[in-house]
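Reader: I'm new to reading structures, and I'd like a close look at one part of this one. Could you walk me through it slowly?

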Amino acid sequence: MSGNADIYHEMIVEYSRHPSNYGKIENPDISYHDSNPLCGDSIDIFMKVQDNKVTDIKFQGRGCAICMSCTSVLTELVKGKAIDDVKKIQKDEILGELGLQNLQAVRIKCALLSLKVLKYGLYTYLAGKLKDANADALKAEASALY
Ligand code: FES
């Protein structure tokens, strides 16, 4: 392995042994679960949101070394970020952090499971907010009719 490949390999091994932000958040604002149908591995992501920022994020679940290391990197990227910036996180950002840009197609699902969970969770949360906002607007409109 070349020098960089060695470093990336070590990072993946280290993250899989000691994942970042592993655990559960009680009463999270966002919580989402999904699994990789190819192997059955699964990830739950929990987030706290305040003033449109992700103030805390944790994950639980099991997965291969690539899955666990990419999930760790993702949680590190997300923590403290504005929701608008979290929405913009792309797969290349995570793969690049671990030198996985040329990953085989079959392993891509391992690497991106957590990004999928994060985005589904985030968009479900935002859709809920939209509904609430519309409901409030309708209530305000309705009250003006009396
Ligand atoms: Fe299950 Fe990679 S083999 S997530």
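Which element of the protein has the lowest mean pLDDT, and which has the highest? After that, please take me into the largest nonpolar core.

Author: Sure! Keep in mind that this is a predicted model. Helix 5 (residues 105–143) has the lowest mean pLDDT among the elements, at 87, while strand 2 (residues 42–50) has the highest, at 98. For the protein as a whole, the mean pLDDT is 92, and 96% of the residues reach 70 or more.

Now for the core. The largest nonpolar core has 31 residues. Helix 5, the element with the lowest mean pLDDT, gives the most to this core: eight residues. Plenty of other elements chip in, too: helix 1, strand 1 (30–35), strand 2, strand 3 (53–62), helix 2 and helix 4 (91–97) each supply at least two residues. If you want to pick out the residues with the most contacts inside the core, look for I45, I66, C70, L74, I94, A111 and L118. Try zooming in on L118: leaving aside residues up to four places away in sequence, L118 touches I45, L74 and V78.

Two of the contributing helices also meet each other. The axes of helix 1 (residues 3–17) and helix 2 (residues 65–78) come within 8 Å and cross at roughly 85°, so helix 1 is roughly perpendicular to helix 2. On the helix 1 side, the contact is made by M11, I12, V13, Y15 and S16; on the helix 2 side, by A65, I66, M68, S69 and S72. Sort the residues of that contact by type and you get seven nonpolar, three polar and no charged. Spot I66 there? I66 belongs to this contact and is also one of the residues with the most contacts inside the core.

Methods: Residues are numbered from 1 along each chain as its sequence is written. This is a predicted model: local features need pLDDT of at least 70, side-chain atom pairs count only at pLDDT 80 or more; totals for chains, interfaces and linings use all residues. Axes are lines fitted to C-alpha atoms, for helices over the stretch in contact, and angles run from 0 to 180 degrees between N-to-C directions. Helices (H or I, at least four residues) and strands (E, at least two) are DSSP runs, numbered from the N terminus. Angles under 35 degrees count as roughly parallel, over 145 as roughly antiparallel, 65 to 115 as roughly perpendicular and the rest as oblique. Two residues are in contact if their C-beta atoms, placed from the backbone, lie within 7 Å. Ala, Val, Leu, Ile, Met, Phe, Trp, Tyr, Cys and Pro count as nonpolar, Asp, Glu, Lys and Arg as charged, and the others, Gly among them, as polar. pLDDT is the predictor's confidence in each residue, from 0 to 100. A nonpolar core is a set of buried Ala, Val, Leu, Ile, Met, Phe, Trp, Tyr and Cys residues joined through C-beta atoms within 7 Å. A residue is buried if 20 or more other C-beta atoms lie within 10 Å of its own, exposed if 12 or fewer, and partly exposed in between; C-beta atoms are placed from the backbone.
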